[in-house]
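Reader: I would like a close look at the strands and how they pair into sheets. Please show me the model, then take me through that part and what surrounds it.

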Amino acid sequence: MLVAGWLFVFDPGAPKSEAIKTGGLAGGSLVALYALWLNDRRRRTDEERQKIEVARQKLEDARAEHDRSRVADERFARSVELLGHDAEQVRVGAMHALGGLARSRVEYTQTVLDVLCAYLRRPFDGRPRDADGKPKTRDERELEVRLTAQRLIADLLPRADDADAPHYNLDLTRAYLEYFDLSRRQVGQLLLRSAVLEESNSFHHTVIHGDAYFTRTNSEGRLHLHHMVFHGGAWFSGLTCTKTTDYTDTKFLGPNKFAEAAFTGRVSFEGCEFAEPIDFQNTRFSAGVNLDLGKPAVARTYGMYVSLDHENTLPDGWVVERRTDGTGLVRS
């Protein structure tokens with residue numbers, strides 16, 4: 001209307017219909033502009049409200065995560081504390097609580113594995129004897145706790161065929177292990193230095209991504225190391241095995257060392273593959289060895305001995321020199 005009145009005042013000769021039409025168009029444009037301004041303001045208000053809501057939700061999520069982390073930390077601390085309890089059932093319960101925590105919060109998995117390994121590193125005499133050397137009754141209740149720790153460690157490790165799994169490290173230095181079974185699992189670094197292995201212990205079909213140390217370990221039972229893959233170093237120097245040791249079809253993709261190892265039970269390396277020269281320096285095989293390798297390999301055999309009272313399968317070109325003590329010195 002203001003635009004139409006303005007036309008009547010300043011242009012009296014203009015037709016009234018045109019003036020009214022022009023005024024209507026102008027008024028409509030103003031209304032449209034005002035509507036656009038309102039819509040834009042509403043849009044910006046909604047965007048601000050949405051940003052505030054997102055920020056509020058993030059804050060609530062952060063608070064909830066903080067509460068969950070606090071509860072998890074408290075649960076972890078309490079479980080670790082209970083590992084020192086006198087009652088074995090309490091210690092077993094604490095270990096299962098740690099295992100549940102590791103499964104629900106993956107960031108705890110390596111820490112829980114470290115704690116369980118530390119428990120297995122505690123001194124334990126699996127074959128106690130009195131002052132006269134006679135066998136004594138061992139603590140079977142403590143052994144059950146240790147077997148629980150062993151099972152939980154295996155359960156927390158990813159399967160060997162899981163290509164995207166994280167690599168967890170195990171430190172079992174000086175640990176006492178009995179019926180330990182890591183078969184078909186994968187490990188980052190494996191430390192098993194100066195450990196005691198009783199009965200039967202299985203690592204077959206296991207993938208080791210880092211270095212593996214079995215140095216100075218004493219295996220009093222069967223040791224299953226077949227169909228393994230060692231991506232890093234495989235160190236078995238000073239290893240002693242009194243019963244069957246099986247490396248069949250295992251792949252050693254990094255450096256290796258069997259120097260000064262002593263095998264008084266039969267050993268098989270049948271089908272094994274070695275990416276680097278085999279170090280058999282001062283190694284003794286007292287009950288026969290199968291070295292029918294999957295691929296030809298270079299070996300350092302200085303001081304390597306085999307028993308001539310048992311069957312030995314050696315690679316082509318290897319020579320055995322008979323010694324007066326009934327052993328044979330191997331020349332590769």
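Author: Helices and strands here are DSSP runs, with at least four residues for a helix and at least two for a strand. The model is a predicted one. On that basis the protein has five helices and 26 strands.

Take the nine-stranded sheet. It is open, and its pairing is mixed. The order is β2-β5-β9-β13-β17-β21-β24-β26-β25. The edges are held by β2 (176-178) and β25 (319-322). Each has a single partner strand, so one side of each is left without a neighbour in the sheet.

Inside that order, look at β17 and β21. Strand β17 covers residues 262-263, and strand β21 covers residues 284-285. They pair in the parallel sense, over two bridges. Here F263 stands opposite F285 of β21.

Now go to the β25 end. β25 runs antiparallel to strand β26 (residues 327-331), and four bridges join them. One pair to find is E321 with its bridge partner L329 in β26. The two strands form a hairpin, with four residues between them. In the turn, G326 has a positive phi of about 90 degrees.

A second open sheet has five strands. Its order is β6-β10-β14-β18-β22, and the pairing is parallel. At its edges are β6 (200-202) and β22 (289-290), each pairing on one side only. Within this sheet, strand β14 (residues 245-246) and strand β18 (residues 267-268) run parallel, joined by two bridges. D246 stands opposite S268 in β18.

Follow the chain out of β14. The loop between β14 and β15 (251-252) holds T250. Is T250 buried or exposed? T250 counts as buried, because its relative accessibility is 0% and the cut-off for buried is under 20%. What does T250 touch, not counting residues up to four places away in sequence? The list is L225, H226, H227, M228, F230, C272 and E273.

F203 is another residue to inspect. Leaving aside neighbours within four places in sequence, F203 is in contact with F180, L182, S183, L190, L192, F214, L223, H224, L225 and M228. L225 and M228 are thus listed for F203 and also for T250.

F203 also belongs to the largest nonpolar core, which has 69 residues. The residues with the most contacts inside this core are I153, F203, F236, Y247 and F269. Which elements give two or more residues to this core? They are α2, α3 (88-104), α4 (109-120) and α5 (140-156). α4 gives the most, with seven residues.

For contrast, go to the surface on helix α2. This helix spans residues 16-82 and includes L30. L30 is exposed, because its relative accessible area is 56% and exposed means over 50%. With L33 and L36, L30 forms a nonpolar patch on the surface. Together the three have about 330 Å² of accessible area.

Last, the whole protein. Buried residues make up 42% of its 332 residues. The accessible surface comes to about 18300 Å², and 52% of that belongs to carbon and sulfur atoms. Take the contacts between residues at least 6 apart in sequence: 28% of them join residues at least 24 apart.

Methods. Residues are numbered from 1 along each chain as its sequence is written. This is a predicted model: local features need pLDDT of at least 70, side-chain atom pairs count only at pLDDT 80 or more; totals for chains, interfaces and linings use all residues. Side-chain values use heavy atoms; hydrogens and water are left out. Patches are made of residues with over 30% relative accessible area and no salt bridge: like charges are joined within 9 Å, nonpolar side chains (Val, Leu, Ile, Met, Phe, Trp, Tyr) within 5 Å. Accessible areas come from the Shrake-Rupley method with a 1.4 Å probe; for residues, only the protein chains shown count as cover. A salt bridge is a side-chain nitrogen of Lys or Arg within 4 Å of a carboxyl oxygen of Asp or Glu. Buried means under 20% relative accessible area, exposed over 50%, partly exposed in between (1.4 Å probe, protein chains only). Contact means heavy atoms within 4.5 Å. A nonpolar core is a set of buried Ala, Val, Leu, Ile, Met, Phe, Trp, Tyr and Cys residues joined through side-chain atoms within 4.5 Å. Two strands pair if DSSP finds at least two bridges between them.
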